[in-house]
Amino acid sequence: MLNNVNRKKLIILVFFMMFIFGIIANLRGQIGPLIQQDYQINHSKLGLVLGCLSIGGIIANFLSGISIQRFSLKKVLIAGTLLSILSFIWLNYISQYYLLIIVILTIGIGLGIINISMNTLASEVFTRNKGKMMNRLHLFFGIGGVITPIYANAILGLGFEWEMIYTFSIILVSAILIFTMYSKFPKEDTVSENTKKEDISFRGVLKDARVRVFALMFLANGGGELGVVTWLVLYLKEIQGRSEVEAGFYFSLFFILFSTGRFLASVIVERVGYLRLVLISAIGSLISVLLGIFGPDSFAIFFSISGLFIATHFPTMQATMFEIFDKNLPTIIGLTMTTGSIGAILLGNLFIGFCNDLFGIRLGYGVVISYFLLLAGLIIYLNRYLDRNRLFKMD
């Protein structure tokens with residue numbers, strides 16, 4: 001068991017990790033054009049490079065949860081930080097495109113391991129008001145994202161090449177590594193014999209019907225969240241004929257309201273109930289996007305307003321899992337984050353892009369409505385048929 005002092009130290013570590021993860025994970029927007037210019041590659045090849053960050057994250061999600069249960073959280077987190085540091089160093093010694101793909105994939109794996117470890121640690125140290133704490137934790141990801149362009153431009157402004165943005169990030173990741181090495185983690189001493197005997201594979205945890213529903217919920221949310229963000233500017237410019245400046249305004253406002261939504265959720269989630277809040281937010285997201293698409297052009301503000309609702313989904317669903325499951329939680333976290341990433345790539349990017357080409361951008365973008373409708377339906381199903389109305393009462 002952790003004493004209060006050590007628990008508080010680990011809570012600080014979790015928030016610090018999320019802040020650093022927010023900075024580094026959002027660098028892709030800054031380095032994309034610089035990679036393209038440096039390696040003289042077209043948009044498709046650049047897309048493959050940046051896509052490898054997501055693929056690396058999926059690989060990490062797939063493996064990390066099971067590894068944490070087999071080898072301990074502390075060991076896996078140390079491995080993730082060391083892999084990230086080595087990848088950042090390696091980036092400075094390559095000049096070929098295909099080596100770049102391998103290094104970026106490795107960076108994605110390292111960051112993914114840190115992400116899974118961070119969320120697993122949060123499930124251990126947030127013992128009270130988990131919905132409040134998870135929404136506040138993920139607010140720090142947004143704060144890190146705000147810092148990202150300032151951080152990147154400061155390094156570039158000193159005359160360094162784009163690779164040095166990651167090289168200087170070694171300082172940030174090393175701080176996580178040092179803090180981790182000199183901290184006592186929950187259940188770090190031994191991996192129990194029961195854990196070794198249990199089926200901790202994805203197939204094993206999927207025997208629980210609730211896990212299957214949560215996996216689908218994260219799949220739908222991944223598609224909805226990334227779908228709204230990825231295609232918003234294109235929709236505003238192509239369908240509503242808005243300028244770059246106008247589209248940029250609505251895009252920025254989305255993220256301002258997204259961050260606001262996570263703060264507000266942290267205030268009200270314990271009173272409203274975890275899944276009830278996600279249900280309300282899923283319906284709010286659905287209605288907002290619906291009004292933005294089928295309302296007059298002046299209703300474009302509702303696209304931005306959807307960020308206020310979408311923000312609550314991911315952290316509150318995670319907090320719900322922390323409350324419900326007391327066995328194999330690292331594996332379940334890994335599974336749900338894997339399906340969330342797959343949903344983002346397949347549903348949020350590829351499928352909507354396919355629908356845009358086939359049916360037009362208006363109907364293609366409207367596909368995100370079905371994702372939020374699916375999310376709401378899954379919550380109702382989970383509550384009504386699997387847990388007999390217990391999940392709406394989180395006290």
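Me: In which helix does histidine 138 lie?
Reply: Happy to help, and note that this is a predicted model. Look along residues 130–157, the stretch that forms one helix. Histidine 138 lies in helix H6.

Me: Does histidine 138 count as buried or exposed?
Reply: Buried means under 20% relative accessible area. Histidine 138 has 6% relative accessibility, so this residue counts as buried.

Me: Which residues is histidine 138 in contact with, leaving aside its neighbours within four places in sequence?
Reply: Setting those neighbours apart, you can start with Met18 and Asn119. The full list for histidine 138 is Met18, Asn119, Arg262, Phe314, Pro315 and Gln318.

Me: How many Å apart are the end C-alpha atoms of helix H2, and what span should its 12 residues have?
Reply: Helix H2 covers residues 28–39. At 1.5 Å a residue, its 12 residues should span 16 Å. The end C-alpha atoms agree with that, being apart by 15 Å.

Me: Which residues of H2 are buried, and how wide an arc do they cover around the axis?
Reply: The buried residues of H2 are Ile31, Gly32, Ile35, Gln36 and Tyr39. They lie on the same side of H2, because the arc they cover around the axis is only 140 degrees.

Me: What covers the buried residues of H2?
Reply: Other helices take part in this cover. Included are helix H3 (43–71), helix H5 (97–125) and helix H7 (163–181).

Me: Which residue follows H2, and what is its phi?
Reply: Just after H2 comes glutamine 40. The phi of glutamine 40 is positive, near 55 degrees.

Me: Where is isoleucine 116, and is it buried or exposed?
Reply: The place of isoleucine 116 is in helix H5. Its relative accessibility is 0%, so isoleucine 116 counts as buried.

Me: How many Å apart in space are isoleucine 116 and asparagine 61, C-alpha to C-alpha?
Reply: In sequence, isoleucine 116 and asparagine 61 are 55 residues apart. Asn61 is also among the contacts of isoleucine 116, along with others including Ile333 and Met337. In space, C-alpha to C-alpha, isoleucine 116 and asparagine 61 are apart by 6.5 Å.

Me: Which element gives the largest share of the nonpolar patch?
Reply: The nonpolar surface patch, about 730 Å², is made by Leu290, Phe294, Phe351, Phe354, Leu358, Phe359 and Leu363. Two or more residues come from each of helix H12 (274–294) and helix H15 (329–359), while leucine 363 has its place in helix H16. The largest share, four residues, comes from H15.

Technical notes
Residues numbered from 1 in each chain as written. Predicted model: local features only at pLDDT ≥ 70, side-chain atom pairs only at ≥ 80, totals over all residues. Heavy atoms only, no water. Expected span 1.5 Å × (residues − 1). Buried < 20%, exposed > 50% of the residue type's maximum accessible area, 1.4 Å probe, protein only. Arc of directions from axis to C-beta. Contact = heavy atoms within 4.5 Å. Patch = residues over 30% accessible without salt bridge, like charges linked within 9 Å, V, L, I, M, F, W, Y side chains within 5 Å. Areas by Shrake-Rupley, 256 points an atom, 1.4 Å probe, with all protein chains shown as cover. Salt bridge = Lys/Arg side-chain N within 4 Å of Asp/Glu carboxyl O.
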